[in-house]
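Colleague: I would like a close look at one part of this model, the part that a UniProt record marks as a domain. Please also put that part in the context of the rest of the chain.

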Amino acid sequence: MDAPTTTSSAGSDGSGGNSGDWGWFTPSRKPADDRRTPDQQSDERAPSRPVNPIRPVGTEADRRTPAEPAPAPGRGAGGHRTDDRRTDDHRPDDHRPDDRRAPGPAGHGPAAPGPAAPGREEHQRPDEVAPVPQDVRPGPDSPFAAPETASPDAILLRRTMAEVEPISDKVTSYFYALLFVQHPELRPLFPAAMDAQRDRLFKAILTAARLIDDLDILTEFLSRLGRGHRKYGTQPEHYPAVGECLIGALTRYAVTTWNDEAEAAWVRAYTAISQIMIDSAAEDELIAPAWWQAEVVGHETRTHDIAVITVRPDQPYPFLAGQYTSLETPWWPRVWRHYSFASAPRSDGLLSFHVKAVPAGWVSSALVHRARPGDVIRLGPPAGSMTVDHASDNGLLCLGGGTGIAPIKALVEDVADHGRNRPVEVFYGARNDHDLYDIDTMLRLAQKHPWLAVRPVVSDGPTNGLSGRLPDAVRQYGPWNAFDAYLSGPPGMIRSGVDALMGVGIPSHRIRHDSIEELAAAAE
Ligand SMILES: NC(=O)C1=CN([C@@H]2O[C@H](COP(=O)(O)OP(=O)(O)OC[C@H]3O[C@@H](n4cnc5c(N)ncnc54)[C@H](O)[C@@H]3O)[C@@H](O)[C@H]2O)C=CC1
């Protein structure tokens with residue numbers, strides 16, 4: 001996911017900002033038959049009944065401050081407008097109504113890292129889940145099918161998701177329309193052209209909601225998301241606006257499964273999601289910049305559509321070989337794409353990327369065809385877990401397809417830097433010999449390191465190397481039972497590669513690759 005997923009705080013007319021007695025976040029519940037446009041709805045008064053408030057706000061440090069009395073009815077935070085707030089007004093208790101139940105997924109309590117903060121309470125969870133018509137229950141094969149151990153909240157969330165998923169385009173469009181109409185001050189946080197952006201925020205929220213019972217994975221996912229959002233300029237007070245519009249969109253489109261309990265479950269989930277993201281961003285702020293500026297110092301064209309780009313960050317950029325970063329060019333502001341580092345950390349601090357210009361790929365085309373030494377790009381924080389376990393004696397089996405060879409090269413350098421002679425077997429795949437744009441570098445590395453073998457594999461043309469697809473080539477060698485596997489390349493290659501590797505006996509926990517969803521989004 002590669003998008004600002006949050007927006008500005010309550011305060012715009014018609015949203016939580018003027019919600020009167022119940023605080024600061026009020027889902028904009030509308031009658032089920034209300035099908036007016038967001039513009040028509042934006043000047044409506046706030047809904048006339050209290051709901052559980054979304055109240056993630058402030059940092060963990062803020063929450064350690066003693067809880068203050070709840071605002072008096074009629075002048076609580078819900079009555080504040082954004083532009084009335086001082087920066088120190090973001091303490092959670094400043095904005096809370098009397099409802100002091102803690103956020104968090106059902107039964108889990110607060111999900112944020114660190115000690116529990118004063119003022120947090122147990123949230124309510126429904127004892128029973130309201131019956132819904134059979135036809136909107138997710139089927140057993142649905143990605144939204146709830147496991148038997150699912151909490152009541154998780155069941156409610158999944159029912160909503162199963163209902164909106166087939167019309168997610170409409171829900172997403174409506175969500176952004178609401179957001180930008182009700183919170184126009186947030187529009188500048190998003191790219192000018194929203195095409196590629198559109199479904200990312202919504203997908204991220206749905207992913208988080210699906211993970212709501214799996215606190216460890218949820219926290220890891222959201223912590224990374226929260227840290228990554230710093231580069232967009234996301235602030236804690238932006239989260240409620242997104243929550244309001246999310247609930248507004250679900251209210252409108254999940255007509256069959258939506259009821260008070262579903263709404264309460266979504267409010268709890270979104271509150272917990274936001275809180276984890278806010279906390280991780282606050283922690284990260286203590287140790288890292290929100291972004292790095294980096295000057296292009298090298299631009300080498302390898303084929304008509306592939307360039308190797310080297311940049312010098314304006315301050316030290318710590319990362320691990322095998323990780324990737326997000327990158328924004330000056331030509332497409334606020335459009336961020338992921339690129340893997342093509343080298344292990346270097347003593348001169350330079351970073352390099354292999355970029356292939358893809359059709360309609362704004363960022364990749366700009367990097368390949370337009371970027372030149374002296375241009376300045378921005379980098380987000382490093383991410384990814386395709387890194388070497390230096391405590392293991394296992395060999396490394398690496399499959400790099402196309403520009404996916406970039407992080408594989410970084411892994412090889414990392415093994416070399418650690419000075420241990422572990423066997424490393426690289427299968428480097430391309431459509432034809434010409435596309436093996438980095439084969440010379442890889443063969444030089446193999447000459448230098450006796451523990452490294454590099455095998456080119458060409459799928460669509462004559463070659464002196466191996467013919468066929470990468471996964472098939474790997475099956476011809478082995479045994480691989482003493483190897484950890486690393487895959488990098490097109491999503492299809494990763495999928496079939498994982499199948500092949502599991503087929504030759506490598507257990508899934510020893511197979512590493514980046515998120516296929518993110519790779520698909522990155523290929524632009
Ligand atoms: N960390 C990562 O996983 C990285 C991924 N990438 C991704 O790698 C891709 C590189 O694109 P190109 O250079 O155009 O690659 P490409 O389309 O030329 O394919 C490279 C290799 O993968 C094989 N391949 C492609 N689809 C396959 C499938 N469905 N099953 C089995 N093998 C398949 C091809 O036969 C070829 O050997 C981009 O999508 C990029 O986003 C790039 C860098 C890092």
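Modeller: A residue counts as buried when its relative accessible area is under 20%, as exposed when that area is over 50%, and as partly exposed in between. Cysteine 245, at 0%, is therefore buried, and cysteine 398 also counts as buried, at 0% relative accessibility. The model is a predicted one, and it holds zero disulfides. Across the chain of 524 residues, buried residues make up 57%. The chain has 14 helices and twelve strands. Of the contacts between residues at least 6 apart in sequence, 75% join residues at least 24 apart.

Now the part you asked about. An unreviewed UniProt entry lists residues 289-389 as "domain: FAD-binding FR-type". Over that stretch the chain is 38% strand and 9% helix, and the C-alpha atoms at its two ends are 27 Å apart.

The sheet to look at here is an open one of six strands, with antiparallel pairing and the order S4-S3-S6-S1-S2-S5. Strand S4 (336-340) and strand S5 (351-356) are at its edges, and each has a single partner strand, so one side of each is left without a neighbour in the sheet. From one strand to the next, the twist averages 40 degrees.

Strand S2 is a useful place to follow the pairing. It covers residues 306-313 and pairs with S5 in the antiparallel sense over six bridges. Two pairs can be picked out on the model: valine 308 stands opposite histidine 354 in S5, and threonine 310 has serine 352 of S5 as its bridge partner. S2 also runs antiparallel to S1, and seven bridges join these two strands. One of the pairs there is alanine 294 with proline 313 in S2. S1 and S2 form a hairpin, with four residues between them. S2 is mostly covered, as seven of its eight residues are buried. When you look along a strand, keep in mind that in a regular strand the side chains alternate between the two faces of the sheet.

Back to the pairing of S2 with S5, which runs over six bridges. Helix H9 (residues 362-370) packs on this sheet and touches strand S1 (292-301), S2, strand S3 (324-328), S4 and S5. The direction of H9 makes about 110 degrees with that of S5.

For context, there is another open sheet of six strands, with parallel pairing and the order S10-S9-S8-S7-S11-S12. Strand S10 (466-467) and S12 are at the edges, each with a single partner strand, so one side of each has no neighbour in the sheet. Strand S7 (residues 395-401) and strand S11 (residues 483-488) run parallel and are joined by six bridges; leucine 396 is found opposite aspartate 484 in S11. Helix H11 (residues 439-448) lies across strand S8 (424-430) and strand S9 (452-458), and runs at about 155 degrees to S9.

Helix H10 (residues 405-418) has 14 residues, which at 1.5 Å a residue should span 20 Å; its end C-alpha atoms are 20 Å apart, so the two values agree. H10 is mostly covered, with eleven of its 14 residues buried. Those eleven include Ile405, Leu411 and Val415, and also Lys409, Glu413 and Asp414. Just after H10, glycine 419 takes a positive phi of about 65 degrees.

The last item is histidine 513, which lies in strand S12 (residues 511-513). At 28% relative accessibility, histidine 513 counts as partly exposed. Not counting residues up to four places away in sequence, histidine 513 touches Met386, Leu487, Ile494 and Val498. Of these contacts, Met386 has a number that falls in the stretch 289-389 listed by UniProt. Aspartate 438, by comparison, is 75 residues from histidine 513 in sequence and 20 Å from it in space, C-alpha to C-alpha.

Conventions. Residues numbered from 1 in each chain as written. Predicted model: local features only at pLDDT ≥ 70, side-chain atom pairs only at ≥ 80, totals over all residues. Heavy atoms only, no water. UniProt positions renumbered as here; feature names shortened; annotations may be inferred. Pairing = 2+ DSSP bridges. Axes fitted to C-alpha atoms, helices over the stretch in contact; angles between N-to-C directions. Contact = heavy atoms within 4.5 Å. Disulfide = S-S within 2.5 Å. Buried < 20%, exposed > 50% of the residue type's maximum accessible area, 1.4 Å probe, protein only. Expected span 1.5 Å × (residues − 1).
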